[in-house]
Each structure stands twice: as C-alpha cells, then as structure tokens.
Amino acid sequence: MDSIVVTGNGPLSGRIAIAGAKNACLTLMPATLLTEEPLTLLNAPRLSDIRTMAQLLQSLGAEVSALQDGKVLAMSSHALDNHRADYDIVRKMRASILVLGPMLARDGHAVVSLPGGCAIGARPVDLHLQALEALGAELDLRDGYVHAKAPSGGLKGGRVRFPLVSVGATENVLMAATLARGTTVIENAAREPEIVDLAQCLRKMGAQIEGEGTHTITVEGVERLGGATHRVVTDRIELGTYMLAPAICGGEVECLGGRRDLVGAFCERLEAAGISIEETESGLKVARRNGRVQAVDVTTEPYPGFPTDLQAQMMALLCTAEGTSVLEEKIFENRFMHAPELMRMGARIDVSGGTAKVHGVENLKGAPVMATDLRASVSLILAGLAAEGDTMVNRVYHLDRGYEQVVEKLAGVGAKIERVAA
Ligand code: UD1
C-alpha cells in the first residue's frame, strides 16, 4: 500500500487549481437515473469515489463515459435494466444511497443495500427513508437491503420536515420529488452549495424547483425530465484544505477557482487566527507572512457554518497556534480520530466527547502516522508540511477517494512531498 512522505521545508508559494466538488458530483451523477436523455457533467474531479459511483450506475444499466482525462462525464440512462444496487458496491461508499430516490421516482421500484456504518460514526439513513415515505414510497428493510416501491401512478408530492439537517437526505428527496405528482415542500432542508448545484442542474433538466439554498425547498413535480450539460461547482473542502497549506507553513498561495461565499465561516476563523485572505480575479490568495497563528475556537455546523469536513485540517493548523483552541464537532460523533495521530507528531490535544482542546506547541515533529478517513488523512499531510523532519502518512487510499493529485498540487507550490510505493 502506498504512503506519502512529507518533509517540512518552509514557506510555500504559487497557485493551486481547485477541482470540481466531489460531493456535488456524487449527487449529480445519480440524477442521470431520472431521465432517458444524456446528462453531461463538466469539471468532474478525478477520484476513486467518482469511479465507484460510475460503477454503481453502470451496474444498473446506465452508460457512463469519462472523457477528457476524466474531467467530463457523459452519462445516459436510456436503458436501465437493473434496479438493485448491490452491497458489494454500496458498502464502499455511503453516497450510493443517492440512487434510491431517482430510481424510485422514475421507474417506481428500487432495491438498494443499506450502506452500513463508517469510521466517523453510525451515520444512519433513516432520514432518507422517512422523506421518501412522505412521498408515498413503501419501504421494506430485509436482508440488509431497502426494498422500495412507489404507489401505483408513482410517487406523490408531500411535506417533508427534517428533524435535523441532512445533506444526503435532502438530495435524495429533492431528486425524487422532481418526478412526483404534485407539490413537495422540504422543510429544514440542507443549504450546502452542493444542494444548490444539484437544484440548478435539475432545473436545466426541466425540474421545477424553488428555494434551494434556503431552509425550505418547494418542488412542483413534472412528468419527465430531459438531458442537460452542467458544470460541477468548485470543491469548497479541497479549497479550504489548500488554503490551510500556506497558513500552516507560511508563504502565499492563490487557490484558483476559490470563492469566499463557498467557505465564508471558514475564512472568518482563518482570519481570526491571523491569516490574510484576498479575493483576486482568479480565486482566493492566502498568506501567512509573519509570526505564529493565534488560537481560535471552532464549532462545526451545517452550511453556512464551519464545515465538519474542514475540522481535521483546521485542527492541524491550530496544533501550532499560540494559545489553546477549543474545537467542537456537532455533526459526527466520532470525528477526532486524527487527534491521536497528530499527538504522535508532538501536538497537545485533550479530547472529551465532541470537544477537543488543542494546546498550541511551537513545533511539530515528523513521525509515521496512519490515515483513518479522508479528511483526517489530509490533515496529517498538512501537519507534515509544518513539522520538522519526515512525516510518513500510511493508508493513503483514503486520500485517493477525495483529493486528486494531492502530491502534484502541493509539490507545485514548493512543498517537499512524494508518494512512495510500499
Ligand atoms: C455529506 C457529505 C459529507 C459531509 C456531510 C456533512 C457527501 C457525499 N458527503 O454527508 O462529506 O461530512 O454531508 O456536511 O455529500 N443523519 C441521520 N440520519 C440520516 C442521515 C444523516 O441521523 O438518514 C445524521 C448523520 O449521522 C450526521 C448528520 O445527520 O450526524 C448529518 O449527516 P448528512 O448531512 O446526512 O451527511 P451526508 O449526506 O452523509
């Protein structure tokens, strides 16, 4: 299994191009199941999670071709011949549950494996299922699978009120509602940019949607959807991750394609820590010119709050801040697995339940560390950029799920980083 070796060697300088959003692409791809006409996605990121979703769609009978080195995904679901998403693929990636709503809406039936738990917590899918039931779906959970049926005549519009904000459940029911009869109102909907991106793509396909980006989304069902071409929104988590690189080891990096509105709460915390962020014509320029960063407190929240997917990376920065920072994780119950690894590098962190107290130290020291999940792995790379000596990050397959060309991108701004085969 490959490892990544990072050697801290001072300030970075240059530009990094930010890719299309993994999480947006993973919900835009199943939207192809809603129509017999072609759906083409531009600016797709080249990641193993995207290939997994392509395999899942292909297993259902959809055609998926990766063009232009994977940056363009041309999809067509004119001949779906299987409505069963098998455990073997679904277990690899939780986002697989997003095929349920579209298949059910278009063809009235679907069987999808339950995704199971994952390293960052239990992550159930009850909200997805309750929302689809509100549109009249009959669900039966047997043998680890959800067996779903629409009433005769198809799904019907309904009122969905989420007890807590769920990105995936909002996406699933939003897609299903586009083809339901009548009006669906989704209350306490997620407001993430990925939801807005999905709604914009669905609208190009002919869906009637209002209110995306707010707490209440209203969908007027239509009889059929058509094809579309859509450009995937910038990956705000990749953006935030690379903004932290110069913050952590000094220098100045321009993140191309970056937009402040995608990472507003994150920018505010970074600036409070003493980092300068400038909006340029091509993106966001981030600089740490002198001195240590200052401790800041961070609480993760649904968008537009501070994203849970940037918590691990922010913790890496705060390990070397002046003072004590308090990080509160409010979205997932077990998302501090990077803390013990950062402590192997000399960080001082006390974790208690959903709260981590990070007591800043002057220097981190390179060490062999283990990646436990996607965002945790990249936080260890960031920490390695600031550490003295070599940091070897093992189990990097997690990284391949969500960061394309991480070694090339960081080396391109002057980091000493390489991938080594085991
Ligand atoms: C998405 C993102 C993930 C991000 C997360 C929160 C994708 C592919 N993944 O995940 O990177 O960390 O949003 O911003 O877009 N929950 C339930 N029941 C459900 C669904 C969720 O209890 O049926 C809980 C979860 O356990 C979690 C919270 O709701 O505590 C939020 O999860 P959710 O927003 O659904 O996350 P995902 O869509 O899985």
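## Around the ligand

Of the 19 residues that surround the ligand, Asp126, Leu127, Ser166, Asp309 and Ile331 come nearest. Keep in mind as you look that this is a predicted model. Sorted by class, the shell around the ligand holds nine nonpolar, five polar and five charged residues.

Which helices each supply at least two residues of this shell? They are helix 5 (126-134) and helix 6 (167-178). Helix 5 gives the most, with three residues.

## Polar contacts with the ligand

Let's now look at single atoms. The side chain of Asn23 has an N or O atom 3.0 Å from an oxygen atom of the ligand. With Leu127 and Gly168, the backbone takes part instead: a polar backbone atom of Leu127 is 2.7 Å from a ligand oxygen, and a backbone N or O atom of Gly168 lies 2.8 Å from an oxygen atom of the ligand. How much of the ligand does the protein bury? Taken alone, the ligand exposes 740 Å², and the protein buries 85% of that.

## Strand 14 and its partner

Try following the side chains along strand 14 (residues 228-231). Ala228 and His230 point to one face and are buried, while Thr229 and Arg231 point to the other face and are not buried. This fits a general pattern: in a regular strand the side chains alternate between the two faces of the sheet.

Strand 14 also has a neighbor to find. Strand 3 (residues 39-42) pairs with strand 14 in the parallel sense, over four bridges. Within this pairing, Leu39 stands opposite Ala228 of strand 14, and Ala228 is one of the buried residues just described.

## Strand 7, with two partners

Strand 7 (residues 109-113) is mostly covered, as four of its five residues are buried. On the parallel side of the story, two bridges join strand 7 to strand 6 (residues 84-85). Here Arg84 has Val111 of strand 7 as its bridge partner.

In which sense does strand 7 run with strand 9 (residues 145-149), parallel or antiparallel? These two strands run antiparallel, and five bridges join them. You can pick out one residue pair to see this: Val112 has Val146, in strand 9, as its bridge partner.

## A covered helix

Helix 12 (residues 374-386) is another mostly covered element, with 12 of its 13 residues buried. Among the buried residues are Leu374, Arg375, Val378, Leu382 and Leu385. An α-helix has 3.6 residues a turn, so residues three or four places apart point the same way.

Look also at the start of helix 12. There, a side-chain oxygen of Asp373 reaches to within 3.0 Å of the backbone nitrogen of Arg375.

## Cysteines without a bond

How many disulfides does the model have? The count comes to zero. To see why, recall that a disulfide needs two cysteine sulfur atoms within 2.5 Å.

Take Cys201 as a starting point: the closest cysteine sulfur is in Cys25, and at 10 Å that is too far for a bond. Cys255 tells a similar story, because its closest cysteine sulfur, in Cys267, is 9.8 Å away, too far for a bond. Are these two residues buried or exposed? Cys201 is buried, with a relative accessible area of 0%, and Cys255 also counts as buried, at 0% relative accessibility.

Key
Residues numbered from 1 in each chain as written. Predicted model: local features only at pLDDT ≥ 70, side-chain atom pairs only at ≥ 80, totals over all residues. Heavy atoms only, no water. Buried < 20%, exposed > 50% of the residue type's maximum accessible area, 1.4 Å probe, protein only. Near = heavy atom within 4 Å. Polar contact = N/O pair within 3.5 Å; in protein donor to acceptor, adjacent residues only side chain to side chain. Areas by Shrake-Rupley, 256 points an atom, 1.4 Å probe, with all protein chains shown as cover. Nonpolar A, V, L, I, M, F, W, Y, C, P; charged D, E, K, R; others polar. Pairing = 2+ DSSP bridges.
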